[in-house]
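Biologist: Before we discuss any labels, could you show me the model and explain how each term is earned?

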Amino acid sequence: MLVPHSDIVEGPQPLVEGPQPMEVVPAENAGTVENQASDEPQASRFTWTIENFSRLNMKKLYSDVFTVGGYKWRVLIFPKGNNVDYLSMYLDVADSATLPYGWNRYAQFSLAIVNQMHSKFTIKKDTQHQFNQRESDWGFTSFMPLGELYDLNKGYLVNDTCIVEADVAVRKVIDYWTYDSKKETGYVGLKNQGATCYMNSLLQTLYHLPYFRKAVYHMPTTENDNPTGSIPLALQSLFYKLQYHDTSVATKELTKSFGWDTYDSFMQHDVQELNRVLSEKLEDKMKGTVVEGTIQKLFEGHHMNYIECINVDFKSTRKESFYDLQLDVKGCKDVYASFDKYVEVERLEGDNKYHAEQHGLQDAKKGVLFMDFPPVLQLQLKRFEYDFMRDTMVKINDRYEFPLELDLDRENGKYLSPEADKSIRNLYMLHRYKFDDERVTKEDVKRALEEQYGGEEELPQTNPGYNNTPFKFTKYSNAYMLVYIRVSDKDKIICDVDEKDIAEHLRVARDEDLKEQIGKDIYFDLVDHDKVRNFRIQKQTPFNLFKEEVAKEFDIPVQFQRFWIWAKRQNHTYRPNRPLTPQEEAQTVGALREVSNKAHNAELKLFLEVDFGLDLHPVPPPEKSKDDILLFFKFYDPEKEELRYVGRLFVKSSGKPIEILAKLNEMAGFAPDEEIELFEEIKFEPSVMCEPLDRRSSFRLSQLEDGDIVCFQKRTPPDREEQIRFPEVPSFLEYVKNRQIVHFRALERPKEDEFCLELSKNHTYDDVVEKVAQRLGLDDPSKIRLTPHNCYSQQPKPNPIKYRSVDHLLDMLIHYNQVSDILYYEVLDIPLPELQCLKTLKVAFHHATKDEAIVLNIRLPKQSTVGDVLNEIKTKVELSHPSAELRLLEVFYHKIYKIFPNHEKIENINDQYWTLRAEEIPEEEKNLGPNDKMIHVYHFTKEIAQNQVQVQNFGEPFFLVIHEGETLADVKVRIQKKLQVPDEEFSKWKFAFLSLGRPEYLEDTDIVSGRFQRRDVYGAWEQYLGLEHSDTTPKRAYAANQNRHTFEKPVKIYN
């Protein structure tokens, strides 16, 4: 997992082999770029030789500083792992503490641990990152297993020396702190909700098709529609903000209109699937409207599937429509090669003949040709494929080129069906922008194409030296969706979209909304604008006509209405700011939008002030002078722990709170002389500020202004204060702000909520486990062990929370800038502090004569040895005879990688990814003759993948002693007896000597021992006797604690 070293973070990852960089939402606080790197990348290699490695006793170690691209760097390692059983290694900005505020730099880099015996086994991982104040180091927390690193037979430590290599290439970066997408490109980006970059890229693509955008604006919506429940309205709102806002736009309204919960936003979906589902939904919503058929007109093409017999006159055809095309990347150098493959003719012959009606089985050719292409051609590049070995999707980073101009009439229309209309010219231009979620950048042609082709980039070193081999870096940034526009349709599709195409949405909040929401849905500020009345009005409509709409809706005559405009304050509160002037009310709704934008409003939001007389009928609003202040009042009841809105008042800025106490008592239903305390609600982000209001100071002196909120309550008697949890408004608001409902799940049942607890984000580790223990009726809270939740995989994180290793509940819930509300718990049989001094290993014990393996959990002090583990196993299992000796093996993907020496400490053994196997040592292995050899024997099958034969191991690997001069026929007899395979089945087995995955088949007369090197050679697992036969074991996913990627859940839009 690639993370900043200061915290273990898991995020949405590209599905590629090994731990790879997370897909990171770029930091918002990236500032001035110090020492701008040149346009061309500068690269250099740094070698760090670390002596006495195994005796290092510090948690982390820095290399010497080295310079690349004018920047100072260093390598950071955690020799015993950064809270994991892996070597952790990072590239660090050496002078980050002294750099100016907002510094920023970008590098591609690789880190390697050199294998000093065989360089081909050197472990190297590469990535890229934009370094800044928040992320001044970047790399791999799980670089390589500690057990492998410290194994002296494997070649990473020679003479107790470890060699680290860092290849670093520095590139020029954009100053994202001052970068203004709107100013630089005319466009703004979309915020990433979690793993929604796939959706953002699709929405930006659709938005940048003006014909489509115009159609969305013209989709009818009703006045009762709410964006969170109406896809057309939410999409109109989103497109409007993209068109007119100056900063990046949130997509939460739209995903809510899809019926998605937060979980769906954290799912890394397939962009093609979302495109198809969204298109179908919009097509359905457009039916019966003026924009019906827009989706088909823009995106629908047709191809013809055919099967044509070779020897008889018979042809079967089927016409199908498509909205996008999926093109193969693997094995194709460019888009044209993918189209060639798409229309490739398949021969149906031999066992695969085609059954033609009335003609029986016939040789035939099968293929697909295009009837017509759409004006907008969407190409989805298949950059992911399924890896059966790992049961997961793997990203293909191969180089794949795509042209600016795409000619699908090439080579005399080779892609077209004979029935296609040849009068239409199928020449397309690439529609290109670069969207980095929140930012949009201009791309020159070379960068737009070259940077997104994928593959490897080769960079020369810039510093002279003995080793000037070029560096190769994988390009993780590569295109997965291409949009081409047909040149002949370009003017129609890239049309003008202006304000006359757009309706304005006005949200009107009233006292009734404040009464309804405060104390129920919200506690801070005054109203949730998403839940107030929404009016959809054409921009050209005079505001006075809009007031008539309001009069009909609320039964409030126009002359009794006064509208206030809302404003977002610098402290992030949102309050009514001032009433509209008569001049403003004489303008159109669209012109008022401009006023609203100046006040930094996302939408035109208004507060409707209506006053009522004694007869409860509306009366004209009072005159407001500069000295009048509109205040809003909330009442708090400490006994009931309730907050509610009680009304608003105009006060004179020169007046004092003491003058309105009787009025406030009346609003709360108290006697006029009730003793009450007043507080001003000032802000609530990032922390609550609610301070007592001096009743004898003037409102002006207390700095109160229009839209301010005053909370009041009865004075709590001193003798009641201890019985009341939150005796005053500030403590109650603090509680509400930090209140967190946590769903607790038993770790062994991670999908089911067991119970919920109301906790505070400020609760300490001890507070939380104590509450859980109380809920479970457990006397000793230290026996509770908690594990945090991964928001992206929706599963527990691999590592539980260590005893008192976090300060507060919030630290337990936060996950990659997201806050979860789920924790997993276990009830241990011993206190957690004691358990943490122990090492628990999961070991599979294989009996000498029984088929079934027993899985044991062995718990011993961390300083114990493998010999101690084997002695513990002997007390738990049935042995073939009392004096049987045991050994412990490391097995991975059906190969034996290691026999653990009995003296090895168990502290660094990792059973999370490797299988630990204990077994009895056969007698024949104890008495090896001088010329006997102990060889690895593995089961395997051959599979064809990408036109190459690949060996796949399966089943249980084992050792076998072979004697000098022994033939394969002799060895087969012993193997059949050992495995108890019936003669009929065994006769089908083939036997091969395999070295580095290449089989060399053996004959019965071949001498087996001559093929194998001496048994102590490093990498012995790569030379083995292979037993080739079909795998009859039940298929199941490899279960060694793999992170389950979330491509498996289909995209659904529910509304």
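Modeller: Helices here are DSSP runs of H or I with at least four residues, numbered from the N terminus. This is a predicted model, and in it K926 and E923 are three residues apart in helix α24 (residues 923–926), so about one helical turn separates them.

Biologist: What makes the contact between K926 and E923 a salt bridge?

Modeller: The cut-off is a side-chain nitrogen of Lys or Arg within 4 Å of a carboxyl oxygen of Asp or Glu, and the side chains of K926 and E923 meet at 2.9 Å, N to O, so the pair qualifies.

Biologist: Why is K926 called partly exposed?

Modeller: Partly exposed lies between the limits of under 20% for buried and over 50% for exposed; K926 has a relative accessible area of 30% and E923 has 42%, so both are given that label.

Biologist: Why does E639 count as exposed?

Modeller: Its relative accessibility is 53%, and exposed means over 50%, so the label follows. The side chains of E639 and R720 meet in a salt bridge at 2.7 Å, N to O. E639 lies in the loop between β35 and β36 and R720 in the loop between β39 and α19, so the pair ties together parts 81 residues apart in sequence.

Biologist: How do you know that α5 is largely enclosed by the rest of the structure?

Modeller: Buried means under 20% relative accessible area, and 13 of the 14 residues of α5 are buried, which is why the helix is described as largely enclosed.

Key: Residues are numbered from 1 along each chain as its sequence is written. This is a predicted model: local features need pLDDT of at least 70, side-chain atom pairs count only at pLDDT 80 or more; totals for chains, interfaces and linings use all residues. Side-chain values use heavy atoms; hydrogens and water are left out. Buried means under 20% relative accessible area, exposed over 50%, partly exposed in between (1.4 Å probe, protein chains only). Helices (H or I, at least four residues) and strands (E, at least two) are DSSP runs, numbered from the N terminus.
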